[in-house]
Amino acid sequence: YPDTGIKALKNISFKVKAGDSLAIIGKTGSGKSTIAQLISRMYDANEGVIKIDNKKIKKINLISLRKSIGSVPQETLLFSDNIINNIAFGTHQIVTKKEVEIVAKIADIHKDILLFKNGYQTKIGERGITLSGGQKQRIAIARALIRNPKILIFDDCLSAIDIKTEDIILKNLKKVTQTCTSIIISHRVSSIKHATHIIVLDKGQIAESGTHTQLIQKKGLYFEMHQLQITNKDKFV
């Protein structure tokens, strides 16, 4: 990162096929979010090359790049407006209530919204203070999906969601994102175990890579994280 002397990533190299899902897991500070920021061009890499559709990312129009990405960050930002407008925000086009409801169902927030007195017209307050953390995250997921993105990035955005709901959302996503390339960043094994490919980061480098089954069989860092988490001793927060 500029002016810090910190080299966040070292010798990182991977490919993701269109329609596949890549999961990135590791401890806090391992470089997971840095990869998401590089793909979205929040930062430019000062070494190496990032390509999308075999085209250097710096050659792609920035507005076009950002329009093709649906990103759900760790910190959910909602506006003092109703739920329907919060979900529709950023689409740059008029969307119908039915379209909003479709993505809300995928994000497993539709039933919660219907329980509010004013449904989708419910005002949620500044920064979503009238909602639980999990509800805010699910609205943010719906907002990313309504863009119909070519690349979907989840940056540790399932942390406030219980395991059961998380599983429902991930299964729903698998059904509807056949043409969407997904990048799921997490410190929770449950969030990423169904991904096509998983990379494990440690101190900015790839420590291990493979599928969930392959990584469990290796009995390395990923296996250790998995064992800690299934025994409710998650030290990777």
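Which residue forms a salt bridge with Lys7? The points below take up that pair and then other parts of the model, which is a predicted one.

1. Lys7 and Glu47. The partner of Lys7 is Glu47, and the closest N and O atoms of the two are 3.7 Å apart. This pair links distant parts of the chain, 40 residues apart. Lys7 belongs to the segment before strand 1, while Glu47 sits in the loop between helix 1 (32-39) and strand 2 (51-52). Lys7 is partly exposed at 48% relative accessibility, and Glu47 is exposed at 55%.

2. Salt bridges in helix 4 and between helices 5 and 6. The count of salt bridges comes to six. One of them joins Glu101 to Lys97, with 3.9 Å between the closest N and O atoms. Both of these residues lie in helix 4, where Glu101 and Lys97 are four residues apart, about one turn of the helix. Lys97 is partly exposed, and its relative accessible area is 47%. Another salt bridge is formed by Asp112 and Arg138, whose closest N and O atoms are 3.3 Å apart. Asp112 is in helix 5 and Arg138 in helix 6, so this pair ties together parts 26 residues apart in sequence. Arg138 is buried, with 10% relative accessible area.

3. Helix 6. This helix covers residues 133-145, 13 residues in total. From its first C-alpha to its last it reaches 19 Å, close to the 18 Å expected at 1.5 Å a residue. Eleven of the 13 residues are buried, so helix 6 is largely enclosed by the rest of the structure. The buried residues are Gly134, Gln135, Gln137, Arg138, Ile139, Ala140, Ile141, Ala142, Arg143, Ala144 and Leu145. Arg138, the salt-bridge partner of Asp112, is therefore among the residues of helix 6 that fall under the 20% cut-off for buried, at 10%. The elements against which the buried residues of helix 6 pack are strand 4 (69-72), helix 3 (83-88), helix 4 (97-106), helix 5 (110-115), strand 5 (151-155) and helix 7 (163-176).

4. Helix 1. Six of the eight residues in helix 1 are buried, and the helix is mostly covered. Those buried are Lys32, Thr34, Ile35, Ala36, Leu38 and Ile39. They pack against strand 1, helix 2 (62-67) and strand 4, and also against strand 5, strand 6 (181-186) and strand 7 (197-202). After helix 1 comes Arg41, which has a positive phi, near 60 degrees.

5. Phe154. This residue is in strand 5. With 2% relative accessibility, Phe154 counts as buried. Setting aside neighbours within four places in sequence, Phe154 is in contact with Val72, Ile141, Leu173, Ile183, Ile184 and Ile185. Of these contacts, Ile141 is one of the buried residues of helix 6. Phe154 and Ser33 are 121 residues apart in sequence, with 9.7 Å between their C-alpha atoms.

6. Leu170. Helix 7 contains Leu170, which is buried at 12% relative accessible area. Beyond its neighbours within four places in sequence, Leu170 is in contact with Leu158, Ile184, Ser190 and Ser191. Ile184 also appears among the contacts of Phe154. The C-alpha atoms of Leu170 and His194 are 8.5 Å apart, and the two residues are 24 residues apart along the chain.

7. Cysteines. The structure has zero disulfides. Cys157 is in no disulfide, and the nearest cysteine sulfur to its own is that of Cys180, 13 Å away. Cys180 is likewise in no disulfide, the nearest cysteine sulfur being that of Cys157. Why do the two not count as a disulfide? The sulfur atoms are 13 Å apart, whereas a disulfide requires them to be within 2.5 Å. Cys157 is buried, with a relative accessible area of 1%, and Cys180 is buried at 5%.

8. Nonpolar surface patch. Tyr1, Ile6, Met42 and Tyr43 form a nonpolar patch on the surface. Their accessible area together is about 400 Å². Tyr1 is located in the segment before strand 1 (21-26), as is Lys7 of the salt bridge with Glu47. Tyr1 is partly exposed, and its relative accessible area is 32%.

Definitions and conventions
Residues numbered from 1 in each chain as written. Predicted model: local features only at pLDDT ≥ 70, side-chain atom pairs only at ≥ 80, totals over all residues. Heavy atoms only, no water. Patch = residues over 30% accessible without salt bridge, like charges linked within 9 Å, V, L, I, M, F, W, Y side chains within 5 Å. Areas by Shrake-Rupley, 256 points an atom, 1.4 Å probe, with all protein chains shown as cover. Salt bridge = Lys/Arg side-chain N within 4 Å of Asp/Glu carboxyl O. Helix = DSSP H or I, 4+ residues; strand = E, 2+ residues; numbered from the N terminus. Buried < 20%, exposed > 50% of the residue type's maximum accessible area, 1.4 Å probe, protein only. Expected span 1.5 Å × (residues − 1). Contact = heavy atoms within 4.5 Å.
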